[in-house]
Amino acid sequence: MNWSDALIQLQYNLGAPQELSWLVEGITYFIGAFVIANAALVLALLLIWITRKVVSRIQDRIGPNRLGPYGLFQTVADAMKLLSKEDIKPTSADTPSYLIAPVLSVMGVLMALAVIPFGAGLIGADLNVGVLYLVALGSIGIMAALMAGWGSNNKYALLAGFRVVAQLLSYEIPMVLAMFAPVLLVGTMRMQELSQAQSLYLGPINLGLGWFIFLLPGAFLIYFIAALAESEQTPFDLLEAESELIAGFHIEYSGMKFAMFFLAQFLNSFFLGAIAVALFLGGWQGPFAGQVPLLGPIYFLAKTFFIYVVIQWIKGTFPRVRIDQMMQFAWKVLVPLVLALILAQMIIMKLPLPGWINSLLVLVANIAVVLAVLNIMGNYFKREQVRSKRAFAPKSLIGTMQPVNSSAGD
């Protein structure tokens with residue numbers, strides 16, 4: 001039973017009149033939205049602590065360890081600091097855009113929680129267009145960053161806003177197409193049904209290990225790389241490059257307005273990992289999750305936190321790429337490969353062959369995509385190793401510079 005149906009039935013059992021069904025449903029969904037929104041805020045504090053601990057260990061540092069056990073209260077102290085900071089607005093800022101942008105950035109991320117299946121029956125709204133709903137929400141974050149860059153009336157912020165359009169829209173194409181690979185496989189966009197389709201029964205026992213990543217490793221790899229760019233994580237954190245843009249599109253924000261952008265970025269990284277878990281890593285499926293319902297949310301959160309730690313591992317390990325490298329990788333590598341992969345999958349699934357042969361051919365196509373990505377990246381790194389430090393040869397100056405006469409100073 002869905003959580004909302006159970007809560008509605010509980011209210012009727014407690015004496016709620018049937019003629020006020022609209023009020024009962026309103027109270028139910030208000031409680032659900034209140035719990036999800038506040039859980040997301042608490043989750044952000046934990047995610048910031050995990051980021052600091054993981055990156056500090058990778059870089060041979062300690063990380064927060066003073067406030068509370070293992071430094072857990074450090075993020076609480078930071079939140080209190082941001083709440084007490086003065087709210088400053090540039091004099092020449094475009095007020096509506098400047099004020100709405102932080103709200104939109106958080107709203108777009110929180111709305112994604114509505115279709116995330118945390119367990120059997122634990123989903124806010126099991127929409128029949130759940131995947132398409134998630135795709136549509138991506139435009140809200142892009143618009144928020146662009147409004148922040150434009151509304152701040154700052155050249156650095158405006159340049160970062162332009163980069164938002166270039167980066168996020170470019171990487172949204174391969175990410176969306178990769179998300180539709182499991183949709184084609186199952187034939188539904190419902191997030192709950194996509195998670196349920198990844199079951200694996202051994203007799204009457206559901207092992208929950210029929211994960212799509214075993215059948216669609218190429219689609220998962222493309223989704224994961226594109227998700228790093230969509231969440232503005234290293235090596236694709238070009239929107240906030242300190243050496244080029246100071247702090248990106250939110251340079252003119254302070255206090256809680258800056259904190260809202262900060263909150264949206266951390267939550268977006270976590271929720272993109274949650275989408276990957278739901279689509280490719282079995283969602284809440286796992287050994288005995290069908291027999292013990294409590295195990296479902298535990299499996300889901302464990303997988304999602306694992307993906308988040310991997311993202312932070314990459315953040316603390318890889319350097320930032322150049323903007324031209326990032327755009328070339330999106331349009332010349334990921335987009336052609338994911339288009340070829342989806343086209344091959346559609347053709348294979350229409351072939352009049354036994355199901356296991358179709359699945360094997362889909363796996364072969366995905367393995368070919370993985371090998372292609374690794375080969376392209378390997379060749380690129382080899383070229384970079386032998387590349388000269390000077391990126392261009394000043395041919396116009398060759399032969400025009402006269403040697404210095406060493407005897408002139410005598």
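The protein chain falls into two parts: domain 1 (18-84) and domain 2 (90-321). The model is predicted. Their C-alpha centres lie 17 Å apart.

**Where the domains meet**

What does the contact between domain 1 and domain 2 look like in numbers? The table lists the computed values.

| Item, domain 1 with domain 2 | Value |
|---|---|
| Residues of domain 1 in contact | 16 residues |
| Residues of domain 2 in contact | 20 residues |
| Area buried between domain 1 and domain 2 | about 1,600 Å² |
| Share of that area from carbon and sulfur atoms | 88% |
| Salt bridges between domain 1 and domain 2 | zero |
| Residue pairs in polar contact (both at pLDDT 80 or more) | three |

Two elements, α2 (21-58) and α3 (74-84), each give two or more residues to the side of domain 1 that touches domain 2. The largest share of that side comes from α2, with 13 residues.

**Nonpolar cores**

In soluble globular proteins, nonpolar side chains tend to be buried together. The largest nonpolar core in this model has 81 residues. Y171, M179, M191 and Y223 have the most contacts inside it. Another core lies apart from that one. This other core has 18 residues, including W49, I50, V54 and V109.

Which residues does M179 touch, leaving aside its neighbours within four places in sequence? M179 is in contact with V131, L134 and V135. M179 also contacts Y223, I275 and L279. Y223 therefore appears twice here: as a contact of M179, and among the residues with the most contacts inside the largest core.

How values were computed: Residues are numbered from 1 along each chain as its sequence is written. This is a predicted model: local features need pLDDT of at least 70, side-chain atom pairs count only at pLDDT 80 or more; totals for chains, interfaces and linings use all residues. Side-chain values use heavy atoms; hydrogens and water are left out. A nonpolar core is a set of buried Ala, Val, Leu, Ile, Met, Phe, Trp, Tyr and Cys residues joined through side-chain atoms within 4.5 Å. Buried means under 20% relative accessible area, exposed over 50%, partly exposed in between (1.4 Å probe, protein chains only). Contact means heavy atoms within 4.5 Å. Domain bounds come from an automatic or database domain assignment. Buried area is the accessible area (1.4 Å probe) that two parts lose on being put together, summed over both. A salt bridge is a side-chain nitrogen of Lys or Arg within 4 Å of a carboxyl oxygen of Asp or Glu. A polar contact is a pair of N or O atoms within 3.5 Å; within protein, one must be able to donate a hydrogen and the other to accept it, and residues adjacent in sequence count only if both atoms are side-chain atoms. Helices (H or I, at least four residues) and strands (E, at least two) are DSSP runs, numbered from the N terminus.
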